[in-house]
Amino acid sequence: MNLWLRVFLPFATGYYFSYFLRNVNAVIAPELTRELGVSAADLGLLTSAYLLAFGAVQLPLGLALDRYGARRVEAALLLVAAAGCGLFAVGASLTQLAVARALIGLGVSACLMASFKAFGQWFGTERQASLNAAIMAAGGLGALTASTPLAWAIPQYGWRAVFAALAVAGLLVAVAIFSTPEKPAGAKPEPLRSQVAGLVQVLTSRAFWRYAPQSTLIIGGFLALQGLWAVPWLMNFSGLPRDAAAHHLLLMGGGMLAGFLCIAFGVAPLTKRGIGPGRLLTVGMGLGLFATLLIVLGIGPSEPAWLILGLVFSVGNLAYALLQAGFSPGLAGRVNTALNLMVFVGAFGIQWGFGAMVDALQAAGHAPQAAYQFTFGGLLALQFASWLWFLAGSRGQLK
C-alpha cells in the first residue's frame, strides 16, 4: 500500500491534470471566441497547439524516459506546463495564447508514458494491465471534471482565474512526482545510436502501419472532438445551450471511465472465452463509427451516441498493447511513443482542419449547421476507410 501511495497516486494525479488541460478549451471556447473575436479556424489552431507540441516530442520523449527516468522527466516537464498555464491566464492575444497552449502540451507530454515506465519499474508484469487501465481511469476523471463542473466554474470565477489556479496545481503535481522513488538502472544504458535504430525498426514495420491510420483518424478524431469541437458542434448543429453541451462531455468522460474500468477487469476473462483484445478493438471501432454516423445524421437521442464514443476511446487504447506485443520488450517505450505520435498528429490535424473547413464552407454561403455536418461527415468517411485498412491488414490475426 505504501508503494501504491508513493508511486501510483502521484503519477495518476499527473495524468488527471494532463487530461483536464487537454479538454478545458472545449468548455471555454465561447469565452475565447467572444473576447478575442477569433474565427473557428483560429480557435482550432489555438487549441491544437497543445496537440502539436505534445505530439512533436513523443519520439525524443521515449529516449529521454529510458535515459533519465520517469520522475525526473515528468517533473521537469510539468514545470513547463505550469508556466504555460500562467501565460494563458494573462495572455491578451491569439499568439500569446497559442504559445501558452503549446507550452502546456509540451509540459504534459510525458504524463502517460512516464506512468507506464514507472509502473514497469516498481510493479510486477501481472499488474501492468490493471495499473495501465487505472491510470487511464484517472484521465477519465480529468475529462469528467473538464465538463459540467468546469462549465459551472467559468461564470463564477472566469477562465483566467481558472488557469491561474491550474498554474499553481501544476507546480504542486511536479513536486509530488519528483518526490516519488525511482529505481537505479541495473544495466548500462543502451547507446543512443542503438536506441535510434530500434525506433527506425518500429516506424518502418508493417505491424506499425496496420494500426497507425486507424489510431490517427479515429482515436485522434475523438481527441479533437473531446478537446474542442464537441461543444461547438452540439451548440451549432444540435442547437443546445452550453450547459447541455457540456453535459454531453460529461457523458463522454463517464463512458471513458467505465470503459477503462471494464478493460482493467474484463479483458482477461473475455480472452479465456476466446474474445481477445484484437477482436474487442475491431468491434469497438466499428461501434464507434456507427455512433458517429448517428451523430452526423442527427438520428435518435444524442446522449447515448456520445456516451458510446467515450467507451470506444477506451477500447481504442488496446492498440498500444497489441502493437507492443509484436516487438521485443526492450522496444516497448519506443513502440508506445511512436503510436502516440500518430494519434496526436491526427488530433492536431483534425482539430485545426475541422475549423478551417467549417470557415470555408460558411464563407461559400453554407449555413453553420450544414457546414458542421458536411465537415463531420468528411471526417467520418476518412475514419471508415482507416478501419477497413485495419481489417484488411489484420485478417486472420484477430484474437
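**Exercise 1. Work out whether Glu 31 is buried or exposed, and which residues surround it.**

Start with the accessibility: Glu 31 has a relative accessibility of 9%, so it counts as buried. The cut-off for that label is under 20% relative accessible area. Keep in mind that this is a predicted model.

Next, place the residue: Glu 31 lies in helix H1. Then look for company from further along the chain. Setting aside neighbours within four places in sequence, Glu 31 is in contact with Ile 154, Trp 159 and Arg 242.

**Exercise 2. Find the salt bridge that Glu 31 takes part in, and explain how far apart its two residues sit along the helix.**

A general point helps here: side chains of opposite charge can pair when their charged atoms come close.

Step one is the partner. Arg 34 forms a salt bridge with Glu 31, and their closest N and O atoms are 3.8 Å apart. That fits the cut-off, which asks for a distance within 4 Å. The count for this model comes to one salt bridge.

Step two is the spacing. Both residues belong to helix H1 (residues 2–36), and because they are three residues apart, about one helical turn separates them.

Step three is the surroundings of each end. Arg 34 is exposed, with a relative accessible area of 59%, whereas Glu 31 is buried at 9%.

**Exercise 3. Describe the largest cavity and say which helices line it.**

First, count: there are three cavities of 30 Å³ or more. The largest one holds about 120 Å³ of space. It is lined by 14 residues, and those closest to its centre are Ile 218, Phe 222, Thr 292, Leu 309 and Gln 383.

Now turn to the helices. At least two lining residues come from each of helix H11 (206–236), H13, helix H14 (302–316) and H17. H11 gives the most, with five residues.

Finally, zoom in on one lining residue, Gln 383. Gln 383 lies in helix H17 (residues 368–393) and, at 5% relative accessibility, counts as buried. Not counting residues up to four places away in sequence, Gln 383 touches Leu 217, Ile 218, Gly 221, Leu 289 and Thr 292.

**Exercise 4. Identify the buried residues of helix H3 and the helices they pack against.**

Begin with the helix itself. In H3 (residues 58–68), the buried residues are Gln 58, Leu 59, Leu 61, Gly 62, Leu 63 and Leu 65.

Then see what they meet. The buried residues of H3 pack against helix H2 (40–56), helix H4 (70–90), helix H6 (111–122), helix H10 (192–203) and helix H16 (332–363).

Last, check what comes after the helix: H3 is followed by Gly 69, which has a positive phi near 95°.

**Exercise 5. Turn to the surface: which residues make the nonpolar patch, and where is Ala 325?**

Take the patch to begin with. Leu 287, Phe 290, Leu 293, Leu 297 and Ile 299 make a nonpolar surface patch of about 460 Å². One of these residues, Leu 287, is found in helix H13 (residues 277–297) and is partly exposed, with a relative accessible area of 44%.

Now for Ala 325, which lies in the loop between helix H15 (318–324) and H16. Ala 325 is exposed, its relative accessible area being 66%. To get a feel for distance, compare it with Pro 10: the two residues are 315 apart along the chain, and 28 Å separates their C-alpha atoms.

How values were computed
Residues numbered from 1 in each chain as written. Predicted model: local features only at pLDDT ≥ 70, side-chain atom pairs only at ≥ 80, totals over all residues. Heavy atoms only, no water. Helix = DSSP H or I, 4+ residues; strand = E, 2+ residues; numbered from the N terminus. Buried < 20%, exposed > 50% of the residue type's maximum accessible area, 1.4 Å probe, protein only. Contact = heavy atoms within 4.5 Å. Patch = residues over 30% accessible without salt bridge, like charges linked within 9 Å, V, L, I, M, F, W, Y side chains within 5 Å. Areas by Shrake-Rupley, 256 points an atom, 1.4 Å probe, with all protein chains shown as cover. Salt bridge = Lys/Arg side-chain N within 4 Å of Asp/Glu carboxyl O. 1 Å grid on protein atoms, 1.4 Å probe; cavity = no way out; pocket = protein on both sides within 12 Å on 5 of 7 lines; lining within 4 Å. Points joined across faces, edges and corners; volume = space filled by probe spheres on them.
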